[in-house]
Amino acid sequence: MTALTLSTAAAPGLRADAIVVGVAKGAKGPVVAPGAEAVDKAYDGRLAGVLETLGASGAEGEVTKLPAPGGFKAPLVVAVGLGAEPEKDAGYAPEALRRAAGVAARTLAGVKKAAVALPVADATDVAVIGEGLLLGAYAFDVYKDNGKDAKGPLGEAALLGAKPRDKEHKAALERAVAVSEELNRARDLINTPPNDLTPEAFAAVAQTAAKEHGLKVQVLDVKALEKGGYGGILGVGAGSVAGPRLVKLSYTSSKAKKHLAFVGKGITYDSGGISLKPAGHNETMKCDMSGAAAVFAAVVAAARLNLEVNVTGWLALAENMPSGSATRPGDVLRMYSGKTVEVLNTDAEGRLVLADALWAASQEKPDAVVDVATLTGAMMLALGSRTFGIMANDDAFRSAVHEAAEEVGEPAWPMPLPEHLRKGMDSPTADIANMGERMGSGLVAGLFLREFVGEGISWAHLDIAGPAFNEGGPFGYTPKGGTGTAVRTLVRLAELTAAGDLG
Ligand code: BES
Ligand code: MN
Ligand code: ZN
């Protein structure tokens with residue numbers, strides 16, 4: 001992991017391999033962003049012109065490398081695009097800084113030390129630049145020839161313009177480090193191939209983390225799930241030799257006034273089961289535990305940040321496989337809540353494991369429950385690959401979750417739960433079927449989950465099927481593969497709840 005420091009050193013004298021500066025798109029061409037004054041001065045105030053000559057415009061995602069001016073200890077200047085220059089008196093948008101820092105860290109993979117001279121106006125800027133650097137530097141190379149091929153991440157970054165002795169700056173950096181480290185751990189879990197990350201292996205990771213961070217952890221194995229009557233989780237896991245688990249991770253604060261429950265879909269591999277997915281639809285299905293990974297990371301981050309709120313994470317872990325022991329389309333499962341579900345399509349498995357975990361979470365009567373799941377292809381069709389959908393049983397809570405997501409730079413959008421879609425799940429045999437109308441099937445899935453949330457509990461459902469796994473090239477601070485989406489929204493929700501600003 002990249003080491004971050006706050007530094008008051010002047011750019012010319014700093015020993016580093018590269019200096020990162022920001023360049024924005026001004027009305028008349030590129031403009032050098034604040035923070036890089038010393039660098040600009042060394043180019044006789046002509047850095048913007050030099051960058052323009054080299055073809056730079058200041059557009060987001062743009063990288064321009066140039067030799068450092070004479071007298072600088074660092075040999076290289078890396079100018080990263082910040083997008084449109086903000087209006088007079090307005091600062092740079094946090095997400096623009098986060099992304100530019102991410103691009104810089106990605107560009108500097110394998111480099112030992114960078115001096116970062118991006119604009120820092122306040123503690124928020126320290127936090128977002130820190131996050132961008134740590135998230136952008138992420139690489140998953142544990143399976144690559146003992147790492148020989150891999151460059152490794154940027155070793156160290158000094159944030160110039162931040163104040164090492166300022167309490168707020170220090171706290172902002174600490175928060176950024178805690179959240180980003182846990183988010184990167186979630187990415188590792190998502191990227192780990194499904195032959196290695198079985199439900200049992202995931203549960204073991206949670207147990208280790210619980211020990212390290214003083215969390216309470218309880219793992220229900222197959223025997224315990226049978227004894228407890230968790231028919232949904234057992235039904236989905238029935239086809240795999242790697243049995244299912246339900247993990248409960250609890251962080252408690254002596255100063256807590258509120259209790260939040262996070263529930264994550266943890267399908268370590270989704271083949272579709274007997275309703276097998278065709279080739280072309282299963283290669284990335286190791287990502288189907290991204291919700292559980294996000295919940296896990298958020299609970300650990302809440303503990304590291306000592307938030308004054310109780311947070312319980314529920315990881316509903318199973319592998320969805322076809323076999324002689326697998327659940328068949330037509331089977332009826334008796335769920336943990338007592339309701340019966342006719343399984344019409346074994347590929348609609350996420351809602352089955354979540355139903356049991358939501359009901360289990362509800363038994364503790366938390367103030368709110370948020371579930372996170374790569375639940376439906378339909379949500380991906382609706383919102384694309386970078387935005388998750390938010391559904392809820394409470395309009396105000398849905399808005400609060402959406403606001404939290406916006407604040408941390410996670411694109412999200414509210415989706416409805418139209419009542420008329422409920423009857424499509426009526427089953428002639430059981431209380432409900434696990435499938436309904438094809439049109440709006442992301443919302444149908446949300447309506448199914450709603451049936452398993454305890455009376456009177458505020459609930460939100462994040463369908464992260466689109467943004468959980470980046471199949472395209474890296475952008476900003478988002479790598480290829482597991483993205484860790486929703487971690488920052490969950491952490492923000494915990495912070496807001498601790499501050500009494502939510503519910
Ligand atoms: N895990 C998938 C959803 C998914 C698809 C996530 C693509 C990420 C990328 C989920 O279990 C699933 O298979 N959903 C089905 C439900 C259908 C059978 C009602 C879907 O969306 O097609
Ligand atoms: Mn599925
Ligand atoms: Zn799935």
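Good morning, everyone; the protein I would like to walk through has 14 helices and 20 strands, and please keep in mind throughout that what we are looking at is a predicted model.

Let me start with the overall picture. For 503 residues, a compact globule would be expected to have a radius of gyration near 23 Å, and the protein comes out at 24 Å, which agrees. Along its principal axes, the C-alpha trace spans about 80 × 50 × 45 Å. Of the 503 residues, 57% count as buried, and if we take the contacts with a separation of 6 or more, 77% of them are between residues 24 or more positions apart. The accessible surface comes to about 20500 Å², with 51% of that area belonging to carbon and sulfur atoms.

Now to the metals, beginning with the zinc ion, ligand 3. Which residues coordinate the zinc ion? They are Lys265 through NZ, Asp270 and Asp288 through OD, and Glu349 through OE, at 2.0 to 2.4 Å. The site has six donor atoms, and with angles of 78 to 174° among them it is octahedral; for orientation, the ideal angles for six octahedral donors are 90 or 180 degrees. If you want to find the zinc donors in the sequence, their spacing reads K-x4-D-x17-D-x60-E.

The manganese ion, ligand 2, takes its protein donors from Asp270 (OD), from Asp347 through both O and OD, and from Glu349 (OE), and these lie 2.0 to 2.2 Å from the metal. Here, too, there are six donor atoms, but they subtend angles of 70 to 169°, which makes the arrangement irregular. In sequence, the manganese donors follow the spacing D-x76-D-x1-E.

How far apart are the two ions? The distance between the zinc ion and the manganese ion is 3.1 Å, and Asp270 coordinates both. The pair links distant parts of the chain, since Asp270 sits in strand S10, residues 259-270, while Glu349 belongs to the loop between strand S13 (340-342) and helix H10 (350-362), 79 residues apart. Are these donors buried or exposed? Asp270 and Glu349 are both buried, and in the case of Glu349 the relative accessibility is 1%, so the residue falls well within that class, for which the cut-off is under 20%. Asp347, by contrast, has a relative accessible area of 23% and is therefore partly exposed.

Strand S13, which comes just before that loop, takes us to the sheets. Three strands form an open sheet of mixed pairing in the order S12-S13-S17, with strand S12 (332-334) and strand S17 (432-433) as the edges, each pairing on one side only. S13 and S17 run parallel and are joined by two bridges, and Glu342 stands opposite Ala433 in S17.

Finally, I would like to point out strand S9, residues 245-251, in which seven of the seven residues are buried. Side chains in a regular strand alternate between the two faces of the sheet. In S9, Arg245, Val247, Leu249 and Tyr251 point one way, whereas Leu246, Lys248 and Ser250 point the other way, and all of them are buried. S9 pairs in the antiparallel sense with strand S8 (residues 216-220) over five bridges, where Val219 stands opposite Val247. S9 also pairs in the antiparallel sense with strand S11 (residues 310-320), over seven bridges, and there the bridge partner of Tyr251 is Val311.

Definitions and conventions
Residues are numbered from 1 along each chain as its sequence is written. Chains are lettered from A and ligands numbered from 1 in the order in which they are written. Side-chain values use heavy atoms; hydrogens and water are left out. Donors are N, O and S atoms within 2.8 Å of the metal (3.2 Å for Na, K and Ca); water is not among the atoms, so sites may look incomplete. Four donors count as tetrahedral if all angles lie between 85 and 135 degrees; four count as square planar and six as octahedral if opposite donors are over 155 degrees apart and all others between 65 and 115; anything else is irregular. Helices (H or I, at least four residues) and strands (E, at least two) are DSSP runs, numbered from the N terminus. Buried means under 20% relative accessible area, exposed over 50%, partly exposed in between (1.4 Å probe, protein chains only). The radius of gyration is taken over C-alpha atoms; the globule rule is 2.2 Å times the number of residues to the power 0.38. Contact means heavy atoms within 4.5 Å. Accessible areas come from the Shrake-Rupley method with a 1.4 Å probe; for residues, only the protein chains shown count as cover. Two strands pair if DSSP finds at least two bridges between them.
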